[in-house]
Amino acid sequence: MSLTLDQVRHIAKLARLELAPGDAEATQAKLNGIFGLIEEMQAVDTTGVEPMSHPQELAQRLRTDAATESDRRAAYQTVAPQTENGLYLVPKVIE
Amino acid sequence: MIDSSLKEIAAALRAKKVSAVELATESLARIDAGNGRINAFVTVDREGALAAARAADARLAAGTAAPLTGIPMAHKDVFCTEGVLTTCGSKMLANFVSPYDAHVVSLLKQAGAVMVGKTNMDEFAMGSSNENSHFGPTRNPWNTDKVPGGSSGGSAAAVAARMVPIATGTDTGGSIRQPAALCGITGIKPTYGVVSRYGMIAYASSLDQGGAFGYSAEDCALLLSGMAGHDPRDSTSLERETEDYSRNLNRPLAGLRIGLPTEFFAAGMSDDVRAAVDAAIAEYRRLGATTVEVSLPNARLAIPAYYVIAPAEASSNLSRFDGVRYGHRAAEYTDLNDMYCKSRAQGFGGEVQRRILVGTYVLSHGYYDAYYIKAQKLRRLIAQDFAAAFEQCDVIAGPVSPTVAFGIGEKSDDPVQMYLSDIYTIAVNLAGLPGLAHPAGFGAGGLPVGLQLIGNYFGEARLLNVAHQFQQATDWHTRRPAN
């Protein structure tokens, strides 16, 4: 399998990564090298094998539906690029 | 004093032969003298270290000290430290001062350990050489033209250069064991779920596991005992009683069955690594162990499966870095989407972007079953191989890395060559098993060679016991690089 340049650009768009105009070819070459390695796994017959997501086969624990966190908004917002009146600021999305 | 074992340091602290402030000062002086050359530390927390050391001295005087009280140590910069810069080796987090502590960090603080700083790493723990750091590569203390391994290369180099006696690390595909081997120290990655991932910046959540570096297995046992334990804030943390990982250190090795995987000893290992690994196994036989050949037929699939699962989980985990709540935000953009795309392209390095792209593709519509689910099926086959092997043996031994430390720049342009250097370590993460690396001699260029020991689930104390017995009979772990 190998990715076309258009596919590389599409994935970059999905991943919200800006690709510089001259970078698409170099990225394509490296990604195709990686997919060459990954393709080795398609040769193995895995019929009837259950996928494994946790080595101990644990289901996610559920906690009781109760508020346990204290309000640390001010501390968390000190690391934000831009805030105002306790809100995170982003560029205007609705005209 | 910081060249001594933790046991000796702890005894000296209690006998008032040395104070925690003196130990921290010694560690800071070593960092001042050597970090310009090694680049093991991204951040040195001088004031925090001295304040923690003074508090440790007060505890020692009051008789309320824990085993790690007053011991200088370093955290890999993947662990969040409240009030201290936490960069994860990335431009994205170059200015991120964490508002909270990782579980591991708070446990070690409570134990009175003295953090002197944060160590360099491959960006977001993605790499095997430490060259993917925004803060420049860490250099191997044995030869500064060589890599220290990665991704926990800064922690391994800091311990190898005797800047600190112990350090934390994380291991997603070999990131503790490989740098420990390449730097000539001991490192252990426990069973998945033993060390809390809370506050450990996520790379591949189903594989990421914190662990310990030290001069010896005995020291790693003490550090791991201070790091492990159930934490309800990590949904994959296992609900088990805490353990004293030092409890079995003195058990003799007579009767120990060591499995040697045929696939690990086939072509691929360089001659110098093979010679050191064979000699270490011969030493284990002298100590009373028997060896048995085992087979891990699906181990060769570990790298392809890993490079689907890890990037898939990474692309999801790293979507949180959007320039809104924390991290880098581009200076100029046209709209919200452009701000996301530019902030991420500027904040992430090349390898991180590649893994996000691979992960985005394998999780995209129509490919999920062919890649992610397929890789999870291979993961089960790999885990089943280990289960069958452990019916015949107590631990598995083999190489950690196919070669000694390679040159800085040697593999940095070829991701696939870099990925292949983790051939012996990755299967252990996919199965979720504990693994340890300990020094086993020297290879080409006088560079250290490590031996890998793999245990069954929750076999950490056994692995540490086995390595400790080896270190009672050999002196490889006491060798240190010339300054």
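Hi everyone, this is a short tour of one sheet, one helix and one chain contact in this structure. Please keep in mind that we are looking at a predicted model.

Let's start with the sheet in chain B. It is an open sheet of 11 strands with mixed pairing, and the strand order is 1-3-2-4-6-5-10-11-9-7-8. Which strands stand at the edges? Those are strand 1, residues 41-44, and strand 8, residues 290-294, of chain B; each has a single partner strand, so one side of each is left without a neighbour in the sheet. On average, neighbouring strands here are turned by 30° against each other, direction ignored.

For one pair in detail, take strand 10, residues 435-442, and strand 11, residues 448-455, of chain B. They run antiparallel and are joined by 6 bridges. If you want to find one of the partners on screen, look for B:Ala437, whose bridge partner in strand 11 is B:Gln452.

Helices pack on this sheet too. Helix 3 of chain B, residues 46-62, touches strand 1 and strand 3, and its direction makes about 155° with that of strand 3. Helix 7 of chain B, residues 217-227, lies across strands 4, 5, 6 and 10, running at about 145° to strand 6.

Now my favourite, helix 8 of chain B, residues 271-286. At 1.5 Å a residue, its 16 residues should span 22 Å, and the end C-alpha atoms are 23 Å apart, which agrees. Which residues of this helix are buried? They are B:Val273, B:Ala276, B:Val277, B:Ala280 and B:Tyr284. Remember that an α-helix has 3.6 residues a turn, so residues three or four places apart point the same way. Seen down the axis of helix 8, the buried residues fall within an arc of 100°, so they line one face of the helix. What do they pack against? Their partners are strands 7, 9, 10 and 11, together with helix 15, of chain B. On the other side of helix 8, B:Asp271, B:Ala282 and B:Arg286 are exposed. After the helix comes B:Gly288, with a positive phi near 110°.

Finally, the contact between the chains. Chain B brings 53 residues to it and chain A brings 38 residues. On the chain B side, the elements giving two or more residues are helices 9, 10, 11, 12 and 13. Helix 12 of chain B, residues 368-389, gives the most, with 10 residues. By type, the chain B side divides into 32 nonpolar, 11 polar and 10 charged residues.

Thanks for listening!

Methods: Residues numbered from 1 in each chain as written. Chains lettered and ligands numbered in written order. Predicted model: local features only at pLDDT ≥ 70, side-chain atom pairs only at ≥ 80, totals over all residues. Pairing = 2+ DSSP bridges. Helix = DSSP H or I, 4+ residues; strand = E, 2+ residues; numbered from the N terminus. Axes fitted to C-alpha atoms, helices over the stretch in contact; angles between N-to-C directions. Contact = placed C-beta atoms within 7 Å. Expected span 1.5 Å × (residues − 1). Buried ≥ 20, exposed ≤ 12 C-beta atoms within 10 Å, placed from the backbone. Arc of directions from axis to C-beta. Nonpolar A, V, L, I, M, F, W, Y, C, P; charged D, E, K, R; others polar.
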